[in-house]
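Biologist: Before we use any labels for this protein, I would like each one traced back to a value and a cut-off. Please show the model and start with how its elements are assigned.

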Amino acid sequence: MIRYTVVSTLYRFFAGTFLVVVNWQIATAETGGYWRLVVSTLLSYVPALAVPLVIRRITMSGQRLTVLSLLYVAVVSLAVSFLVENATALVVANFFMWIGFFSLEASWESWFNEEKRRQDVSWASSVTMSGNQAALMIGPLFAPAIIHLVGTRGIVLALTAGFVLVAALSWAGARAAVAAGTGDETEAGPQAKPAAPLRLIATFALVWPVLGTFNLMLPLQVSDRGAGLVTVGIVDACLGIGVIVAGVVLARAKLPSAVLSTLVIACTLVGGVLWALPAGGAAVVTMALSTFALGAGFGALRIALREYTATHYDSAVTSQAVALGNAAAIPTLAVVFLVSGAAQPLVWVAPFLLVIVMSYSFRGIRTWKTSLKT
């Protein structure tokens, strides 16, 4: 689990920085910033439709799949370094990058599931999620300074080398064994497949819409309020800090689903109110506090969801639930973006609203599972 935590954290650092740089380049293009970013975001989720089909045919461990996906991401990142001045070309390149990102999302979850026998699941879920979010937080903060020193192309080349480094570190000890290949897991899988994955898919389907709408609204809202990439990094970092705080809390306390849901909704509502305040809407501090509250609620849900899936399902079921949930996220995002396009100043509402819906969905999973035992 130590190797997993280190390499997944490094990956999040490089991936988070890459996304901030590319989204900022697209959003601040001379014309069509909003709709170009919308098209880029929607296209980035199209590969999720193919991932479920690929996952079903994979006969390698989650760790081995992670290595191969990282090498693919490095190749695409190298290509992006030559396209940073062309916003339209970046939209296309971003599409190919997300093929690797979605493959990695499934492989990270599968690899974590494979490691669960050697660690306390609750502790490991909190630590890895907190470390990942810390990396996502730090990357965007350093991006403006690095760009100032080496330029946009230089930072993308550095990120390319970073992806190769993570692949090399992940390779040591990688197993070619079939994921979920033990007899116990094979027997456990069919018990979970008939009903539980449908509810898991519904919840996983909201993870990426939350992140997608946040990544869309952040550069647009910040640029509309006259701020720059430094502000984007600060506000984005506070989302990660919120996730880390949630991880620390959940590592020490096992909360009932009703209590967890209530706390998540409370945090999210507070965050939404802070962002909507007319006097504080343009202030960095207010936006930062708002995203901190959003991150705390969203982070608590993701950590609890990872713990739940690792406890109740094998790695094969988990991978398929993640992949199918990612695919189901596309129509959700399309509807949200179309509605937001008609009222662009209110695009910030989407991530807050989706976290509340996700909270109710996850609470329904745990309630359903408990009812089966009574």
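Modeller: Helices are DSSP runs of H or I with at least four residues, strands are runs of E with at least two, and both are numbered from the N terminus. The model is a predicted one. On that definition the protein has 14 helices and zero strands.

Biologist: What makes the order of elements a run of one symbol?

Modeller: From the N terminus on, the elements read α-α-α-α-α-α-α-α-α-α-α-α-α-α.

Biologist: How do you know that the length of helix α1 agrees with what is expected?

Modeller: Helix α1 covers residues 2-27, which is 26 residues. The expected span is 1.5 Å times one less than the number of residues, so α1 should span 38 Å, and its end C-alpha atoms are 37 Å apart, which agrees. For α12, with 29 residues, the expected value is 42 Å and the reach from first C-alpha to last is 41 Å.

Biologist: Why is α1 called largely enclosed?

Modeller: A residue is buried when its relative accessible area is under 20%. In α1, 19 of the 26 residues are buried, so the rest of the structure largely encloses this helix. Helix α12 is mostly covered, with 22 of its 29 residues buried. Over the protein, buried residues make up 57% of the 374 residues.

Biologist: Why is W98 counted as buried?

Modeller: W98 has 6% relative accessibility, and the cut-off is under 20%, so W98 counts as buried. F102 is buried as well. W208, with a relative accessible area of 10%, is also buried.

Biologist: How many aromatic pairs are there, and what makes W98 and F102 one of them?

Modeller: The whole structure holds eleven aromatic pairs. W98 and F102 have ring centres 5.5 Å apart and 50° between the planes. Centres must lie within 6.5 Å, and planes that are neither under 30 degrees nor over 60 degrees apart count as tilted, so this pair is tilted. The two residues are four apart in helix α5 (residues 87-115), so about one helical turn separates them.

Biologist: Why is the pair of W98 and W208 called edge-to-face?

Modeller: Its centres are 5.2 Å apart with 85° between the planes; over 60 degrees is edge-to-face, so the label follows. This pair links distant parts of the chain, since W98 is in helix α5 and W208 is in helix α9 (residues 207-224), 110 residues apart. Both belong to one aromatic cluster, whose members also include Y11, F13, F14, F18, F101, F102 and F163.

Biologist: How many cavities are there, and what is the volume of the largest?

Modeller: There are five cavities of 30 Å³ or more, and the largest holds about 480 Å³ of space. Its lining has 30 residues, with G16, L19, L136, L211 and N215 nearest the centre. Elements giving two or more residues to that lining are α1, α5, α6 (121-171), α9, α10 (229-252) and α12 (284-312). The largest share, eight residues, comes from α1. By class the lining divides into 20 nonpolar, six polar and four charged residues.

Biologist: Which residues and elements line the second largest cavity?

Modeller: That cavity has about 140 Å³ of space. Twelve residues line it, and E109, F204, V207, R302 and V322 lie nearest its centre. Two or more lining residues each come from α5, α9, α12 and α13 (315-342), with α12 giving the largest share, four residues. The lining divides into six nonpolar, two polar and four charged residues.

Biologist: Why is V207 called buried?

Modeller: V207 has 5% relative accessibility, against a cut-off of under 20%, so V207 counts as buried. V207 is in helix α9. The C-alpha atoms of V207 and F298 are separated by 8.7 Å, although the residues are 91 apart along the chain.

Biologist: How many disulfides does the structure have, and what makes C238 and C267 fall into their accessibility classes?

Modeller: The search of the whole structure finds zero disulfides. C238 has a relative accessible area of 14%, so it is buried. C267 has 29%, and values between 20% and 50% are partly exposed, so C267 is partly exposed.

Definitions and conventions. Residues numbered from 1 in each chain as written. Predicted model: local features only at pLDDT ≥ 70, side-chain atom pairs only at ≥ 80, totals over all residues. Heavy atoms only, no water. Disulfide = S-S within 2.5 Å. Buried < 20%, exposed > 50% of the residue type's maximum accessible area, 1.4 Å probe, protein only. Phe/Tyr/Trp six-rings, centres within 6.5 Å; stacked < 30°, edge-to-face > 60°. 1 Å grid on protein atoms, 1.4 Å probe; cavity = no way out; pocket = protein on both sides within 12 Å on 5 of 7 lines; lining within 4 Å. Points joined across faces, edges and corners; volume = space filled by probe spheres on them. Nonpolar A, V, L, I, M, F, W, Y, C, P; charged D, E, K, R; others polar.
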